Amino acid sequence: MISLNSASFLSNSGFSGISRSVSQRKVLHPVTVAVGSNGRAGEGNVSVVMESTLKDLRDGNSVIEVDSKSAVSGGVQDTYGEDSATEEQLVTPWTLSVASGYSLLRNPHHNKGLAFTDKERDNHYLRGLLPPTVVSQALQVKKMMHNIRQYAVPLQKYIAMMELQEQNEKLFYRLLMDHVEELLPVVYTPTVGEACQKYGSIFRRPQGLFISLNEKGKILEVLKNWPEKNIQVIVVTDGERILGLGDLGCQGMGIPVGKLSLYTALGGVRPSACLPITIDVGTNNQKLLDDEFYIGLRQKRATGQEYAELMHEFMSAVKQMYGEKVLIQFEDFANHNAFDLLARYGTTHLVFNDDIQGTASVVLAGLISALNLVGGSLAEHTFLFLGAGEAGTGIAELIALEMSKQTQAPLEEARKKIWLVDSKGLIVNSRMDSLQHFKKPWAHEHEPIKNLLDAVQAIKPTVLIGSSGVGRTFTKEVVEAMASFNEKPIILALSNPTSQSECTAEEAYTWSEGRAIFASGSPFDPVEYNGKAFVPGQANNAYIFPGFGLGLIISGAIRVHDDMLLAASEALAKQVTQENFDKGMIYPPFSNIRKISSQIAANVAAKAYELGLATRLPKPEDLVEHAENCMYSPVYRSFR
């Protein structure tokens, strides 16, 4: 902590008083340089607060009026009156201008723990605050992994990782990058689902912004409360449809926090440029409303005009605060709101819905690479979906777009190869009047069919895709039917978390007699069948959105175009090697994720330049190299 002698600070000798007070460590009245708790330098009340406070200190007065007899006896004078103030009296929440000493160890952006060198410990007043040993970041990673592996319960591992993120940011990302395949299921799906369900109980300190109906009319002011000002990516949810778990209200914050951790670890976006936000409009989950530990608004969800007005104020405030090039990623909104928000703001903001567009892009990439195993083109295959919500219709549309691009056929013709089943059965023309608008393009001429098995037997798809959010719906009969008319049936059970997966990897391989090409939304362990080892793929959005976002950032894109999603899918598909195919994999291993993200970012950026949507000019000659150079590194920096 840097303390300033108030007399030298107010003198006419510039900032020479700072160096004297720091070097000599002689402080008459310790004053911490501050601009108030919101950090808004330049606002009108700051200079008044500073001037009046420093005047009081210069005159030997405390910041607040306190009876001298009640002051703490002995030790340093209670200059600010905080220790001796009663609960009713007001104190000023001073903040530091430069982290040093004890405050440096409590600053997650700069803390290095035992990795501070002897010189840094001397220069930043850390002597005695740490044990004498100095260790490397590599040893810290080894120690943390050892500790995390001691936990048997995934939620305990999640809590340990979140605590590390709050204490030592660089070590957290180093750990996640070096052990991504092991820790990805911890910081994101499936464990993040349980974390959201119990978020009220495990909540310790805010990791993002909570914007509720209480802040209506003041959202711009709320955004100013966030300490970082150069924001490039926002992930926002209203918590209404968290994974396959339903309405978790305010406790959905775990999703934006987790997603943005992956933006940094996998895509190289700076942590300080990321902002998680939860829009709290209430919840219809009665169990949460009755929970004494619930942290959100205790009311039923706002809908209609009230909801639309809050979201419009939010979108306008974000653009006013951070500019046109900030990426707003919608996450886990209910179907009706997700499609409406994307349609309404897709032409005025840089917006991306991971549930609709990210899922579609990663699934399309898997299908493109799967063609290397089954043969043929996309247009030669028939697709059947279980689930016609955001994910299902989003995937279907992107597949149709890619088909149309490859065959030069009209989009309407490409859609005829794709069939969807929702809760009421096969989507057909006779149901048109009762269908939601986003389902209508998928209504084809066919007799009504009520259940999935009958639909499989009637349509005879080569590809079966589950996005229903309902577990164990790909029954033995369904998988056996797929295997009966396909030599290598492609089965994608995409619903999250693991408990909601349409079938397990073992079930898919066993029931298809080892012939299925399988991938899922949540991870499954390798499966051995008849002496052969199968490595199930994971159609995880984390393959796409970090690199996709990085591509938008490095190109300065101002809008998202469908062709960018196709470019991302094609880039991901190219990363699958013959060695991966030999194991039945249709996705590359996550151990290469940063390389994969740089390739995706380059492809997306190239498409942005081609479409005239990029603003960072001139265009770099080598976009892959440029993407790699822009990536955040969690290596410790040396301090002066």
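In the predicted model, C503 is buried, its relative accessible area being 0%, whereas C630, at a relative accessibility of 36%, is classed as partly exposed. The count of disulfides in the structure comes to 0, a disulfide being taken here as a pair of cysteine sulfur atoms within 2.5 Å.

Charged side chains were examined next. A search of the whole structure identifies 27 salt bridges, among them a pair formed by D332 and R241, in which the closest N and O atoms are 3.4 Å apart. D332 is located in the loop between β4 (327–330) and α16 (335–345), and R241 in the loop between β2 (233–237) and α13 (254–265), so that this salt bridge ties together parts of the chain that are 91 residues apart in sequence. The two partners are classed separately with regard to accessibility: D332 is buried, with a relative accessibility of 2%, while R241 is partly exposed, with a relative accessible area of 26%. R241 and D332 also belong to a network of salt bridges in which D355 and E390 are linked with them.

A further salt bridge joins the side chains of E331 and K259, with an N to O distance of 3.4 Å. This pair likewise links distant parts of the chain, since E331 lies in the loop between β4 and α16 and K259 in helix α13, 72 residues apart; both E331 and K259 are buried. A salt bridge within a single helix is provided by E480 and K476, whose side chains meet at 4.0 Å, N to O. Both residues lie in helix α21 (residues 476–484), where a separation of 4 residues corresponds to about one turn of the helix. E480 is partly exposed at 36% relative accessibility, and K476 is also partly exposed, with a relative accessible area of 40%.

R594, by contrast, is buried yet has no salt bridge, the nearest side chain of opposite charge being that of D178 at a distance of 8.8 Å. With a cut-off of 4 Å for the nitrogen-to-oxygen distance in a salt bridge, the question arises of which residues R594 does touch. When residues up to four places away in sequence are set aside, the contacts of R594 are with M177, T264, A265, L266, G268, M631 and Y632. R594 itself is placed in helix α26, which spans residues 593–610.

Turning to the strands, an open sheet is formed by 7 of them in the order β8-β7-β6-β9-β10-β11-β14, and the pairing is mixed. Its edge strands are β8 (425–426) and β14 (537–538), each of which pairs on one side only. Within the sheet, β9 (residues 463–466) and β10 (residues 490–493) pair in the parallel sense over 4 bridges, and G466 stands opposite A493 in β10. Helix α20 (residues 452–459) packs on this sheet, where it touches β6 (383–386), β7 (418–422), β8 and β9, and the direction of the helix makes about 175° with that of β6.

A loop position was also considered. G128 is found in the loop between α5 (118–123) and α6 (137–148), and this glycine is exposed, with a relative accessible area of 73%. The C-alpha atoms of G128 and G101 are separated by 9.9 Å, the two residues being 27 residues apart along the chain.

Definitions and conventions
Residues are numbered from 1 along each chain as its sequence is written. This is a predicted model: local features need pLDDT of at least 70, side-chain atom pairs count only at pLDDT 80 or more; totals for chains, interfaces and linings use all residues. Side-chain values use heavy atoms; hydrogens and water are left out. Helices (H or I, at least four residues) and strands (E, at least two) are DSSP runs, numbered from the N terminus. Buried means under 20% relative accessible area, exposed over 50%, partly exposed in between (1.4 Å probe, protein chains only). Lys and Arg count as positive and Asp and Glu as negative; His and the chain ends are not counted. Contact means heavy atoms within 4.5 Å. Two strands pair if DSSP finds at least two bridges between them. Axes are lines fitted to C-alpha atoms, for helices over the stretch in contact, and angles run from 0 to 180 degrees between N-to-C directions.
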